[in-house]
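User: I'd like to go through this one label by label. For each term, tell me what earns it.

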Amino acid sequence: ARVREAKSESRGTVFPHPCPRIMNAMLRLAVVAALLVSASAFMAPASVNTIRAARNAAISARPAGLKLAAPSLRSSPKAAGALRMGQTPSSMGETIEEFVANDDPKLQKVVLALFSAVKEIAYKVRTASCEKSSCFNEFGDEQLAIDILADNVLFANLKACGACEVASSEETPTEDPQGGTGYSVAFDPLDGSSIIDVNFSVGTIAGIWPGGTLVGVDGHDMAASLISVYGPRTTVTIAWKDKDYSHEFLLIDDFSGNHGKWLRTNEFTAINEGKMVAPGNLRSTQDNPGYMKLWNYWMENKYQLRYTGGMVPDVNQLLIKGKGIFVNPTSPAAPAKLRVLYEVLPMALLIEKAGGKTTDGKGSALDLKTETTEDRTQVAFGSAKEVDRFTEWVGWAEPFMVTSKDDPNWKPAEK
């Protein structure tokens with residue numbers, strides 16, 4: 001204003017100051033605008049700002065291919081089933097081919113054939129539109145039920161590997177020659193197929209035995225066993241007779257340089273005590289007093305109930321969480337349904353290699369010897385104290401010698 005006055009005076013003309021009302025209005029507008037800009041930063045949710053910052057950082061630092069951090073997401077010192085933060089083995093991130101490179105060549109072929117089959121089944125599970133008894137393609141044409149498709153895929157891969165003498169599926173419980181030499185494989189192609197229509201996680205179970213027969217074998221004879229989980233991600237957890245621990249491999253499905261590969265992401269070393277239970281065959285609590293006592297104990301002690309009705313995800317959570325117990329007892333009115341060859345023995349090897357304990361009510365489930373391909377049993381998998389409590393309270397009974405509650409062959413736990 002002084003400059004304007006000076007200039008105008010030099011010209012002989014004086015211009016008055018701007019109207020005070022206009023100046024006040026302009027000042028108010030400037031203050032309001034500043035306040036709005038400042039407030040907008042505080043009004044935005046913190047979570048949104050965090051997400052934006054994380055997204056921008058991830059985009060700027062994104063590698064060309066997948067980079068596996070590998071340590072477990074679990075940080076509790078009590079949860080020792082998976083890797084601790086900062087304790088990443090040098091072999092973490094290896095492909096399955098690299099991990100088995102020094103194994104027996106024929107066992108390598110069988111293991112890789114199973115991994116190849118699981119990859120194909122994972123795609124079929126994700127893309128199939130299924131009812132309880134059949135599936136449909138994109139045109140609405142009825143196809144084979146998804147468990148039959150999985151069955152065919154496993155047989156095809158085992159036959160092609162050249163190292164499988166005999167294979168047997170829970171769908172067709174006979175020993176089928178595969179034309180190879182070295183090992184025999186028993187598998188449940190799609191455990192939990194009855195819950196696939198509601199989009200629950202399901203899985204494949206497989207056990208590998210040396211030689212050409214699956215009758216007269218027990219869990220200690222197994223060379224390896226595995227389970228796959230078809231869920232939000234596809235994983236295979238595998239254990240070998242001659243290797244420590246159980247190992248998880250993740251199917252990479254992100255279109256990076258590792259797309260389609262199986263990379264090792266976890267190593268399970270312990271199943272600790274913890275209040276988590278997956279109770280199968282609850283109907284048997286009605287005429288199995290030991291199981292009813294166990295159920296009441298869990299409820300009174302506020303155990304977490306974690307049960308989907310699929311054996312694979314229900315057992316897999318014991319490995320991931322590093323705690324808890326899975327049980328499937330028998331009773332006169334609700335006999336055991338789990339098959340020794342196709343489900344119990346492969347699962348038992350995984351659990352015991354991961355530092356857990358197993359029982360059929362009287363001893364380790366690995367001690368069970370197959371008399372036929374259709375033998376069945378009750379079972380408990382989990383931490384040592386929980387499994388011991390099952391053995392003490394539920395005990396053992398001949399699964400198929402019982403026809404009624406009054407049958408003298410029924411042997412409840414001794415109290």
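User: What stands opposite Ala 167 in strand 5?

Analyst: Asp 176 does. Bear in mind that this is a predicted model, in which local features need pLDDT of at least 70 and side-chain atom pairs count only at pLDDT 80 or more, while totals for chains, interfaces and linings use all residues. Residues are numbered from 1 along each chain as its sequence is written, and side-chain values use heavy atoms, with hydrogens and water left out.

User: What makes strand 4 and strand 5 a pair?

Analyst: Strands are DSSP runs of E with at least two residues, helices are runs of H or I with at least four, and both are numbered from the N terminus. Two strands pair if DSSP finds at least two bridges between them. Strand 4 (residues 164–169) and strand 5 are joined by two bridges, so they meet that cut-off. They run antiparallel.

User: Which helix packs on the sheet and touches strand 4 and strand 5?

Analyst: That's helix 6 (residues 146–161), which also touches strand 6 (183–191) and strand 7 (202–210). Touching here is contact, meaning heavy atoms within 4.5 Å. The direction of helix 6 makes about 160° with that of strand 6. Such angles run from 0 to 180 degrees between N-to-C directions, with axes fitted to C-alpha atoms, for helices over the stretch in contact. Helix 8 (residues 311–321) packs on the sheet as well, at about 105° to strand 8 (224–230). Its contacts include strand 9 (234–240), strand 10 (246–251) and strand 11.

User: In what order do the strands of the open sheet come, and why are strand 5 and strand 11 called edges?

Analyst: Eight strands line up as 5-4-6-7-8-9-10-11, with mixed pairing. Strand 5 (176–177) and strand 11 (262–268) each have a single partner strand, so one side of each lacks a neighbour in the sheet.

User: Why is Thr 237 called buried?

Analyst: Buried means under 20% relative accessible area, exposed means over 50%, and partly exposed lies in between (1.4 Å probe, protein chains only). Thr 237 comes out at 0%, so it counts as buried. This residue is found in strand 9. Leaving aside neighbours within four places in sequence, its contacts include Ile 227, His 247, Phe 268 and Leu 350.

User: How do you know that the buried residues of helix 7 line one face?

Analyst: The residues in question are Gly 290, Tyr 291, Leu 294, Trp 295 and Trp 298. Seen down the helix axis, they fall within an arc of 135°, so they line one face. The arc is that of the directions from the helix axis to the C-beta atoms. The general background is that an α-helix has 3.6 residues a turn, so residues three or four places apart point the same way. What covers the buried residues of helix 7 includes strand 12 (272–279), strand 14 (323–328) and helix 10 (384–393).

User: What span is expected for helix 7 (residues 289–300), and how far does it reach?

Analyst: The expected span is 1.5 Å times one less than the number of residues. With its 12 residues, helix 7 reaches 16 Å from its first C-alpha to its last, close to the 16 Å expected. Just after the helix, Lys 302 takes a positive phi of about 60°.

User: What makes Lys 357 and Asp 388 a salt bridge?

Analyst: The definition wants a side-chain nitrogen of Lys or Arg within 4 Å of a carboxyl oxygen of Asp or Glu. This pair sits at 2.6 Å, N to O, so it qualifies. Lys 357 is in strand 15 and Asp 388 in helix 10, 31 residues apart. At 32%, Lys 357 counts as partly exposed, and so does Asp 388 at 37%.

User: How many salt bridges does the structure hold, and which residues do shared partners join into one network?

Analyst: There are seven salt bridges, and the network consists of Glu 170, Arg 339 and Glu 374. Arg 339 and Glu 374 have their closest N and O atoms 3.7 Å apart.

User: Are Arg 339 and Glu 374 buried or partly exposed?

Analyst: Arg 339 is buried at 12%, whereas Glu 374 is partly exposed at 42%.

User: And why are Glu 267 and Arg 264 called buried?

Analyst: Glu 267 has a relative accessible area of 14% and Arg 264 has 1%, so each falls under the buried cut-off. Their side chains meet in a salt bridge at 3.3 Å, N to O.
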